[in-house]
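Hi everyone, thanks for coming. I'd like to walk you through one chain today, going from a few charged pairs to the cores and then out to the surface. Here it is on the screen.

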Amino acid sequence: MSPRLQTQLLRVLQEKEIRRVGGTRVISINVRIIAATHNNLLHKMKEGLFREDLYYRLHVLSLTIPPLRYRRTDISLLIHHFISKSKMWTHIHPEAMKLLIEYEWLGNIRELKGVIEYLLTVCDENEVKAKDVEYRLSSQKEEHTLHEVENESVDLIELQENHALLETIKQCNDTGKAASRKWIAQHLKGVTLTEQQVRNRLDVLEEKEYIIKRRGRAGTKITEKGLHYLYHLKTKQHLINP
């Protein structure tokens with residue numbers, strides 16, 4: 001949302017009044033606002049891209065919805081729901097279901113829905129087989145390119161450290177926990193960093209919105225952008241670890 005529209009929305013929330021486009025009469029309103037974002041709005045405020053007063057006006061009751069990869073037990077339920085809505089009554093082979101459950105789903109439910117619609121269209125004999133899923137998911141990974149990765153030159157040591165840090169944080173997050181600096185330093189593979197060095201590297205990764213750091217036990221969590229970057233680094237493994 002542009003700064004101009006943010007200002008207009010803030011005025012609506014404060015005054016509880018609107019005016020139709022081209023109109024002159026002020027209309028009183030009584031509405032409840034539900035806002036959603038996948039961006040780090042605290043960073044956006046620091047960059048001057050999001051109004052601080054609007055953020056605190058909206059930030060009354062905050063709910064965090066975990067990404068689909070953190071609630072894998074929902075995947076099979078969603079798949080059966082999508083099949084039921086399609087009314088195609090297609091069977092998912094157990095091996096195919098296993099592949100779908102283990103996939104990372106960076107696009108969350110929208111991506112899952114699109115993949116299921118594709119599989120229902122191409123499968124033979126009313127059964128989705130493992131080979132159907134493998135073909136589709138391999139193409140999905142290719143589509144997950146890094147649109148926001150900075151076009152900057154970094155040395156191999158930095159790439160190695162970024163890969164090790166993000167992979168370690170992800171492994172901890174996959175267990176449902178956030179990673180502390182001490183835990184990260186103790187579980188790094190391939191590189192050796194002190195807690196202070198980990199702190200410095202995490203500051204850089206947070207500036208690039210690859211992670212979110214919280215105080216105390218809340219620890220560090222990898223973001224959607226960080227996951228994209230991690231997958232990008234994995235495709236460069238031959239350069240990072242020659």
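Let's begin with a charged pair: lysine 170 makes a salt bridge to glutamate 104, and the closest N and O atoms are 3.6 Å apart. Lysine 170 sits in helix 8, while glutamate 104 is in the loop between helix 5 (94-102) and helix 6, so this pair ties together parts that are 66 residues apart in sequence. Before I go on, please keep in mind that this is a predicted model.

Are the two partners buried or exposed? Lysine 170 is buried, with a relative accessible area of 7%. Glutamate 104 is buried as well, at 13%.

Lysine 170 has another partner, aspartate 174, with the closest N and O atoms 2.9 Å apart. Here both residues belong to helix 8, and they are 4 residues apart, about one turn of the helix. Aspartate 174 is partly exposed, with a relative accessible area of 38%. Which residues end up in one network through shared salt-bridge partners? They are Arg72, Glu104, Lys170 and Asp174.

Helix 8 also takes part in a salt bridge between arginine 201 and glutamate 161, where the closest N and O atoms are 2.7 Å apart. Arginine 201 lies in helix 10 and glutamate 161 in helix 8, so the pair ties together parts that are 40 residues apart in sequence. Glutamate 161 counts as buried, at 12% relative accessibility, whereas arginine 201 is partly exposed, at 24%. For the whole structure, the tally is 13 salt bridges.

Since helix 8 keeps coming up, let's check its geometry. It has 19 residues, 156-174, and at 1.5 Å a residue it should span 27 Å; the end C-alpha atoms are indeed 27 Å apart, so expectation and model agree. Just after helix 8 comes glycine 176, with a positive phi of about 90°.

Now for the nonpolar side of the story. The largest nonpolar core has 22 residues, and those touching the most other members are Leu165, Leu166, Ile184, Leu188, Val198, Leu202 and Leu205. Which elements give two or more residues to this core? Helix 8, helix 10 (195-207) and helix 11 (224-235) do, and helix 8 gives the most, with 6 residues. Apart from this core lies another one, of 21 residues, including Ile75, Leu100, Tyr103 and Val128.

To zoom in on one core member, leucine 188 touches Ala164, Leu165, Thr168, Leu193 and Val198, if we don't count residues up to four places away in sequence.

Let me step back to the whole chain. It has 12 helices and 6 strands, and 34% of its 242 residues are buried. Among contacts with a separation of 6 or more, 60% are between residues 24 or more positions apart. The accessible surface comes to about 16,200 Å², and 52% of that belongs to carbon and sulfur atoms.

On to some backbone angles, which I suspect this group will enjoy. Most residues other than glycine have a negative phi. Tryptophan 89 has a positive one, about 50°, although it is not a glycine. You'll find tryptophan 89 in the loop between helix 4 and strand 3 (91-92), and it is exposed, with a relative accessible area of 60%. Glutamate 125 is another such residue, with a positive phi near 60°. Its place is the loop between helix 6 (108-122) and strand 4 (127-128). Glutamate 125 is exposed too, at 74%.

What about nonpolar side chains on the outside? Val60, Leu61 and Leu63 make a nonpolar surface patch of about 400 Å². Valine 60 lies in the loop between helix 3 (52-58) and helix 4 (73-86), and it is exposed, with a relative accessible area of 69%.

My last stop is isoleucine 18, in strand 1 (residues 17-19). Why does isoleucine 18 count as partly exposed? Because its relative accessibility is 34%, and partly exposed covers values from 20% to 50%. Leaving aside neighbours within four places in sequence, isoleucine 18 is in contact with Val12, Arg25, Val26, Ile27 and Ile29. Its C-alpha atom is 9.4 Å from that of glutamine 8, 10 residues away along the chain.

That's my tour, and I'm happy to rotate the view for anyone who wants another look.

Note on methods. Residues are numbered from 1 along each chain as its sequence is written. This is a predicted model: local features need pLDDT of at least 70, side-chain atom pairs count only at pLDDT 80 or more; totals for chains, interfaces and linings use all residues. Side-chain values use heavy atoms; hydrogens and water are left out. Patches are made of residues with over 30% relative accessible area and no salt bridge: like charges are joined within 9 Å, nonpolar side chains (Val, Leu, Ile, Met, Phe, Trp, Tyr) within 5 Å. Accessible areas come from the Shrake-Rupley method with a 1.4 Å probe; for residues, only the protein chains shown count as cover. A salt bridge is a side-chain nitrogen of Lys or Arg within 4 Å of a carboxyl oxygen of Asp or Glu. Buried means under 20% relative accessible area, exposed over 50%, partly exposed in between (1.4 Å probe, protein chains only). The expected span of a helix is 1.5 Å times one less than its number of residues. A nonpolar core is a set of buried Ala, Val, Leu, Ile, Met, Phe, Trp, Tyr and Cys residues joined through side-chain atoms within 4.5 Å. Contact means heavy atoms within 4.5 Å.
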